[in-house]
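Hi everyone, thanks for coming along. I'd like to walk you through one model today, so please have a look at the screen.

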Amino acid sequence: MGMNVSRQVDLTENEYLQRFVGKTHVPAYDDDFWNNFLQYHINLPTNSQEQLSLDSRLESLCQSFISHNLHTGNFGSLINVFLLKVSELLTLSDTESNVHIWHAFNALFIIRCLVKYMIETGSEYQLLQHFEALPVQAADSDETPNDTTAAGTSTYIPIDVRAVEDTKAAVAKLVDGSKFETFLEALVNIIVVIPVKEFTYHLHLEAVNCMIILLSVSLFSQQTMEKSTIYRTIYRCQHANTLMSALLHFLSRMSQAPQTMFGFGTGGSFVFGIAESFLLILTFARKQPDILTAHDLPTAFREHYPLANQSLLLILILTNHHATKDNPYRISLFGCSDSQDSPKEDPATFKIDFSLLYNTLCRIVTIDQATLLLYLLLYRNQRFQKYVMAQQNLQQLVIPILQTLYNAPDSTSHHIYMSLIVLLILSEDDNFNKSVHQIMLKNVTWYTERSISEISLGGLLILVVIRTIQYNMLKMRDKYLHTNCLAALANMSGQFQSLHPYVAQRLVSLFETLAKKHARLDQQLKQPNDLNGEPDISIPIGCALTSEDMLQDLSVLEEVLRMVLEILNSCLSHQLVYCPNLVYTLLYKRNVFEAFRSHSAFQDIIQNIDMVVGFFSSRLQRVQEQRGELGVSEVLEVISKGASQWSSDRLRKFPDLKFKYVEEDAPEEFFIPYVWTLVCKAGCVHFSSETIKGVSTEIIC
């Protein structure tokens, strides 16, 4: 490509590229050619339009490469040059290695482009053929070569493309993936051994990108991944722990991409041991304004922290494939521990600073892929879950999750679902349920339904989850989303404390809204031709529900109503003395329960609510007879005094509400398409959606 070539538009006119993809073999030892070939500058494509532009300019070159490489073996030569560059990096000082870093990056970028093209247009077997292909010698020794290498040392001559079929026997060799395996080891070495510095940043990024490209073979193939040589090689990697550790470090340390791609170091040895490199990793980070305060957080994260973004996506790919089989990356992620833990703790797959990881996740948890990683860690890594539950600043994690749910129209259904599951997992811990009501928040400006000067984190959580239920009723009508919302509230209900008046109102109003919907459906079933009222706004326009649909909806609705009543009853049974505002609201809205007192599905639990309402109603009546009409503060005073004399033994006992999230069978069916959707939409590498075969295109595209 040459030092003077820096524009993508010039690629097809470059003599070195033309020679590399042409008919002539270029040996790996031709230093003159490779030094010129790898001395170029390129701006990496950062979005789908730039990627499309690059792909279109490379297409004719890639086609020429495919036509000739099985005879020239030039791809193998490039791989060998790259392997040599990587091995040399391990012995060079920072000052000496700049050019090697540059050349290694450029070689890897070309490899990545070719691999991506072959994966998108061919088969995995054909890709491995190109990895293993050796140059074919001329069959006719009398033929005069009409093309030689720049050094004039090549003993190989060009082979006519028309002779491909005739020379198959000469080309054929066992595609055992040995060269690919060596190449993969070099990628892993770049990621885990070479420390990240300003001038190595893009080499690390390219290594991570290249692994994502290789794993994308699952997108473009309909064969099972158990039969994939690439997947078998990657998943039998002996360095799963160190690779997963490095990727998680890249994410948690989250260094901003340098302004220039290849700077100059300060001298000294380039190679540090793996343990030491993790201590020195990303030493070039500078104090800068927090770019992640930008409105479009996913874009800011991808553009300014590409290594962290791509490392996060690679972690998700590695851990979610082979989820039900032996997966060393999954085992590694779920078995890591806090580097601050005592050495006497149970053995861990690797150690990482949980404080740094937690703070990073708090900063980016509104990003879809960050929520998914948080879910995996909370659900599968008991050490990390224990660490999170012990944090005093839980609002830093919970508030961004609540903002995701609050802005549900701006998020995917998958993101909403995973955010709710994270809350459900958190709510399984009694200490969490207690802590959230002790953390007070002031002026929550993004919650615009009502201006609230002060509210507990627990109260805000209740408000947002109730709002999510109502949004789901109107837009999504997803039974499982209802279930997860209510399960989280149910887990918390025994610890409800100091509920804000508005929170108490919303809890009872939720039941009231559901009750009205129940009455409408019941009326429609009894008199299908006489709706006697407004149309059901929860039914999408243009959709007509059959009697069978309405019966099913009525059944689901009764389950939801029952759960709401159980949540109210749980709070009254365990925390009545701490929730005077809820008692006040129940007194004010007592009529909403009237229609359900004789309903067999609700009768038993409404008796408890009636008992509480009756007790406080009689006390208020006596005080009113003495004092006359009471104001709000006086009513609350009567309730507070009465609560001190109330005994929950009067109430009928129900089992404590405890729901635990359990992942369904065959999680790969949900998570693999989900992960690749994130890779395609949020990653720095962009794929051709037209040829995707292996993952549901309904989700990807």
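Let me begin with a question: are Tyr406 and Trp446 buried or exposed? Both Tyr406 and Trp446 are buried. Please keep in mind as we go that this is a predicted model.

I'll come back to those two residues in a moment, but let's take the aromatic rings as a group. The count of aromatic pairs here comes to 36. One of them is Tyr235 with Tyr329: the ring centres are 5.5 Å apart and the planes sit at 85 degrees, so this pair is edge-to-face. The pair links distant parts of the chain, with Tyr235 in helix H10, residues 229-235, and Tyr329 in helix H15, residues 328-334. In sequence they are 94 residues apart. Tyr235 and Tyr329 are both buried.

Now back to Tyr406 and Trp446, which also form an edge-to-face pair, at 5.3 Å centre to centre with 70 degrees between the planes. Again, distant parts of the chain are linked: Tyr406 belongs to helix H19, residues 395-406, while Trp446 is in the loop between strand E3 (440-442) and strand E4 (454-456). Those two are 40 residues apart. Tyr406 has another partner too, as Arg467 lies over the face of its ring, 4.0 Å from the ring centre.

There is also an aromatic cluster to look for, whose members include Tyr16, Phe20, Trp34, Phe37, Phe82 and Phe183. Three of those names, Phe37, Phe82 and Phe183, come up again in the largest nonpolar core, among the residues with the most contacts inside it. Ile191, Leu318, Leu373 and Tyr375 are on that list as well, and the core has 233 residues. Which helix gives the most to this core? That would be H5, residues 94-121, with 14 residues.

Next, a word on the record. UniProt, in an unreviewed entry, places "transmembrane region" features at residues 264-285, 360-379 and 451-469. In the model, residues 360-379 are 85% helix and 0% strand, with the end C-alpha atoms 18 Å apart. Residues 451-469 look like this instead: 68% helix, 16% strand, and 21 Å between the end C-alpha atoms.

Let's move along to helix H23, residues 479-493. From first C-alpha to last, H23 reaches 21 Å, close to the 21 Å expected at 1.5 Å a residue. Why call H23 largely enclosed by the rest of the structure? Because 12 of its 15 residues are buried. Among them are Leu481, His482, Asn484, Cys485 and Asn491.

Just past that helix, in the loop between H23 and helix H24 (501-526), you'll find Ser498. Ser498 has a positive phi of about 50 degrees although it is not a glycine. At 54% relative accessibility, Ser498 counts as exposed. Met254 also has a positive phi, near 40 degrees, and is likewise a residue other than glycine. You can find Met254 in the loop between helix H11 (240-253) and helix H12 (274-280). Met254, though, is buried, with a relative accessible area of 5%.

One last stop, at strand E1, residues 337-338, which is where Ser337 sits. Ser337 counts as buried at 1% relative accessibility. What does the side chain of Ser337 make a polar contact with? Its partner is the side chain of Lys351, at 3.2 Å.

That's my tour, and I'm happy to go back to any part of it.

Notes:
Residues numbered from 1 in each chain as written. Predicted model: local features only at pLDDT ≥ 70, side-chain atom pairs only at ≥ 80, totals over all residues. Heavy atoms only, no water. UniProt positions renumbered as here; feature names shortened; annotations may be inferred. Helix = DSSP H or I, 4+ residues; strand = E, 2+ residues; numbered from the N terminus. Core = buried A, V, L, I, M, F, W, Y, C linked by side-chain atoms within 4.5 Å. Buried < 20%, exposed > 50% of the residue type's maximum accessible area, 1.4 Å probe, protein only. Expected span 1.5 Å × (residues − 1). Phe/Tyr/Trp six-rings, centres within 6.5 Å; stacked < 30°, edge-to-face > 60°. Lys NZ or Arg CZ within 6 Å of the ring centre and 35° of its normal. Polar contact = N/O pair within 3.5 Å; in protein donor to acceptor, adjacent residues only side chain to side chain.
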